Amino acid sequence: MSDELFAKGDTIRREVLGNAHVDRSIANADPFAKVIQDYVTKNAWGEVWGREGLDRRSRSILNLGMLSALGKEHELKVHIKGALRNGITREELAEIFLQVAIYCGAPAALECLRLARDVFADVDKNGLD
């Protein structure tokens, strides 16, 4: 089951985050980091993202809100790009970050907008992968 979960998680992770990001993460994983990479691939992507209870769009929206609230800038940028892959529009991202402003404060939302602009510039130049 563990190998199946890893394979399922790897597939979903690549579909949401793109091959380039996943390949970089794996290539940069030394033995210390490989343990976490395997855990995240199996549990976050294979087990949780692989469930049928929520679609990927909904999972992306939840992730954006949580990562915004936690101030996890690197992961937020990764998941903004993933949200675009999951069909969330730039206009919807603005609405999500407006919601963040109400519940987490304007500074958090402004940081989200700045990060989103960075992602948009990268996507406009290089595409989603």
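Colleague: Where does Asn43 lie, and what makes Asn43 count as partly exposed?

Modeller: In this predicted model, Asn43 lies in helix 3, which covers residues 31–48. Its relative accessible area is 30%, and because the class of partly exposed residues runs between 20% and 50%, Asn43 is called partly exposed. Asn43 and Leu5 are 38 residues apart in sequence, with 7.7 Å between their C-alpha atoms.

Colleague: Why is Lys81 called buried?

Modeller: Lys81 has its place in helix 5, and its relative accessible area is 16%; since buried means under 20%, Lys81 is therefore classed as buried. Once its neighbours within four places in sequence are left aside, Lys81 is in contact with Val119, Asp122, Val123, Gly127 and Leu128.

Colleague: Helix 4 holds Gly65 and Met66; why does each count as partly exposed?

Modeller: Gly65 has a relative accessibility of 25% and Met66 one of 46%, and because both values fall between the limits of 20% and 50%, Gly65 is partly exposed and Met66 is partly exposed. As for where they stand in space, the C-alpha atoms of Gly65 and Leu76 are separated by 9.1 Å, with the two positions 11 residues apart along the chain counted as their separation, while Met66 and Val100, 34 residues apart in sequence, are 9.1 Å apart from C-alpha to C-alpha.

Colleague: What makes the largest nonpolar core a core, and which residues have the most contacts inside it?

Modeller: A core of this kind joins buried residues of nonpolar types through side-chain atoms within 4.5 Å, and the largest such set here has 19 residues, with Leu64, Leu76, Ile80, Leu93 and Phe97 having the most contacts inside it. The elements that give two or more residues to this core are helix 4 (56–70), helix 5 (73–85), helix 6 (90–104) and helix 7 (106–126), and the largest share, 8 residues, comes from helix 7. Leu64, taken without its neighbours within four places in sequence, is in contact with Leu76, His79, Ile80, Ala83, Leu93 and Ile96. Apart from this core lies another, of 6 residues, among them Val16, Leu17, Trp45 and Val78.

Colleague: How do you know that the charged end of Arg90 sits over the ring of Phe120?

Modeller: The charged end of Arg90 is 4.3 Å from the centre of the Phe120 ring, to be set against a limit of 6 Å, with a further condition of 35 degrees from the ring normal; the pair is listed as a charge sitting over a ring. Separately, the structure holds 1 aromatic pair, a term that calls for ring centres within 6.5 Å.

Colleague: Why can the radius of gyration of the protein chain be said to agree with that of a compact globule?

Modeller: For 129 residues a compact globule would have a radius of gyration near 14 Å, and the protein chain has 15 Å, which agrees. Along its principal axes, the C-alpha trace spans about 45 × 35 × 25 Å. Of the 129 residues, 35% count as buried, and the chain exposes about 7800 Å², of which carbon and sulfur atoms supply 57%.

Colleague: How many helices and strands does the protein chain have, and what share of its contacts comes from residues 24 or more positions apart?

Modeller: The secondary structure comes to 7 helices and 0 strands, so that, with helices and strands taken as DSSP runs, the order from the N terminus reads α-α-α-α-α-α-α. Among contacts with a separation of 6 or more, residues 24 or more positions apart account for 66%.

Key: Residues numbered from 1 in each chain as written. Predicted model: local features only at pLDDT ≥ 70, side-chain atom pairs only at ≥ 80, totals over all residues. Heavy atoms only, no water. Phe/Tyr/Trp six-rings, centres within 6.5 Å; stacked < 30°, edge-to-face > 60°. Buried < 20%, exposed > 50% of the residue type's maximum accessible area, 1.4 Å probe, protein only. Helix = DSSP H or I, 4+ residues; strand = E, 2+ residues; numbered from the N terminus. Contact = heavy atoms within 4.5 Å. Rg over C-alpha atoms; globule rule 2.2 N^0.38 Å. Areas by Shrake-Rupley, 256 points an atom, 1.4 Å probe, with all protein chains shown as cover.
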